[in-house]
Amino acid sequence: MKAAVIHGPGDIRIEDIPYPILEPGEVIVRIGACGVCGSDLPRALDGKAHFYPTVVGHEAAGEVVEVGAEVTRFDPGDRVAVAPLVPCMECEACQLGRYSLCRQYSFIGSRRQGCMAEYVAIPERSLVPIPKELSYEQAAMLEPATVSLYGLLKVGSLAGTSVTVLGVGTIGLFAVMWAKFLGASQVLAVDINDWKLERARELGADAVVNSKKLSTAEGGLAETIRSLTSGAGCGLAVETAGHPITQVQAVEICANGGRVLYVGTAHEPVHFEAKAFEAIIRKELVIYGSWMSYSAPFPGREWQIAVTALADGALEPSAMITHRFGLADAREAFETLRSCDRAIKVMLLMDDSQR
Ligand SMILES: [Zn+2]
Ligand SMILES: [Zn+2]
C-alpha cells in the first residue's frame, strides 16, 4: 500500500509499505482524507519526528475495512473519524478521565503510524462513527474542531462574554465559530494576515483587527480591544497563534476578572514586561492551559458535540479548506502549509476522484 513516508527533514517519499497488521481490539481504516496540521510541519520538514522513517497524519477520516478480534462497535463499511490519542487508560490521569495528561500515551501520526497512507490500524476506542452527511474531508476537520472546543468548554460559560481570538489559523477560526455557537456576545479576531482575517469575518467574527497595522502611539492592541468592548477589554482571550507577542497580548487585552485560554504551542521564550505580568495580578485574571481534546468517556463530549454540529450544519468549516492534494503530492502539501500565506487547512485526499 502507498504511504507518504518521511525519511528526514524534507525527505518525503511516496512508497509502498506493508499493509498494517490487524491486532485484537483494532480496526483497519481505508483513509479517505487527512488534514495537514501545523504540528506535522516540524516532523516532516525540520527533523523533529519521534523516529524515522515515519508516517504522520492525525486529522483523518475513512472507511472501516477490517475489524480485529474483540472489536464490538464497528463493522466493515462503517464511516469513521480518527481521535488520534491512544491513552494507556491505566495511569492516574486516565483513571480521572484527564487523557491529555496520560503518562504513557501513544498518538496516531507521531508515536505510531499516521494516516497519510492508504490504510492504517487504529484502536477501536480511537475511532468515532460519523454520519453519511459528513464527507471524509469534513470529518477530517473534527480533530482540530475538538481542540478549540475542548479549551472553550474548559473555561466555563461564554454566555454574554466578549471573546477575542488571537491568531486565525485553523484552531483560531474554529475558536471563532465555537465561541459564537456557545453564546459569546461578541467575537473579535486578531491576526497579522488580512486575508485570513477576512475568512474570520466570513465565519462569524463581529470585528477583525490586523495587529501589525496598529501604532503603539494609539495604545496598541489593548487600546483597540478596549475601544471595541465599550472600554472594558475582553472577558476571554483565546491565544492560538503560539507566538510570544500574542502570548503577552492575551493578558493585556483582558477585562478585570477576565479569562485567558492558551492553546497555541510555544516555540520561543515568552517575555512578559513587569507591567504585562502585573496585569494578571491586578486584573485578577484566570489563566487556563489547554492540551488536546479528550474527556470521559473517551474520546469525550467534544467529539460528540463536534460531529453533531458539523453534520447538522451548525458549524460549517469548509471555507477553511484552502488547498487539496492527492497523496502523491504530500510533500507539496507540507510546503504549501508552511509557505503560502493563503493556506489555512491543507487537505490530502486519498482518492483522486474526490478532488
Ligand atoms: Zn493537529
Ligand atoms: Zn494513561
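**A parallel sheet, a helix crossing and a buried loop residue**

An open sheet of six strands, paired in parallel, runs in the order β12-β11-β10-β13-β14-β15 in this structure, which is a predicted model. At its edges lie β12 (207–210) and β15 (286–289), each of which pairs on one side only. From one strand to the next, the twist averages 20 degrees. Strands of a sheet pair through backbone hydrogen bonds, either parallel or antiparallel. Within this sheet, β13 (residues 234–239) and β14 (residues 254–262) offer a good place to look: the two pair in the parallel sense over five bridges. Here V238 stands opposite L261 of β14.

Turning to the helices, α4 (residues 142–154) meets α10 (residues 301–311), their axes coming within 9 Å and crossing at roughly 120 degrees. That angle makes α4 oblique to α10, and the crossing of the two is right-handed. On the α4 side the contact is made by L142, A145, T146, L149, Y150 and L153, and on the α10 side by E302, W303, I305, A306, V307 and L310. Sorted by class, this contact of α4 with α10 has ten nonpolar residues, one polar and one charged.

One of the α10 residues in that contact, W303, also appears around A83. A83 is placed in the loop between β5 (79–82) and β6 (85–86). It counts as buried because 26 other C-beta atoms lie within 10 Å, where 20 or more are needed. Beyond its neighbours within four places in sequence, A83 is in contact with S126, L127, V128, P299 and W303. By comparison, P20 is 63 residues from A83 along the chain, and the C-alpha atoms of the two are separated by 18 Å.

Conventions: Residues numbered from 1 in each chain as written. Chains lettered and ligands numbered in written order. Predicted model: local features only at pLDDT ≥ 70, side-chain atom pairs only at ≥ 80, totals over all residues. Axes fitted to C-alpha atoms, helices over the stretch in contact; angles between N-to-C directions. Helix = DSSP H or I, 4+ residues; strand = E, 2+ residues; numbered from the N terminus. Parallel < 35°, antiparallel > 145°, perpendicular 65-115°, else oblique. Left-handed = near helix turned anticlockwise from the far one by under 90°. Contact = placed C-beta atoms within 7 Å. Nonpolar A, V, L, I, M, F, W, Y, C, P; charged D, E, K, R; others polar. Buried ≥ 20, exposed ≤ 12 C-beta atoms within 10 Å, placed from the backbone. Pairing = 2+ DSSP bridges.
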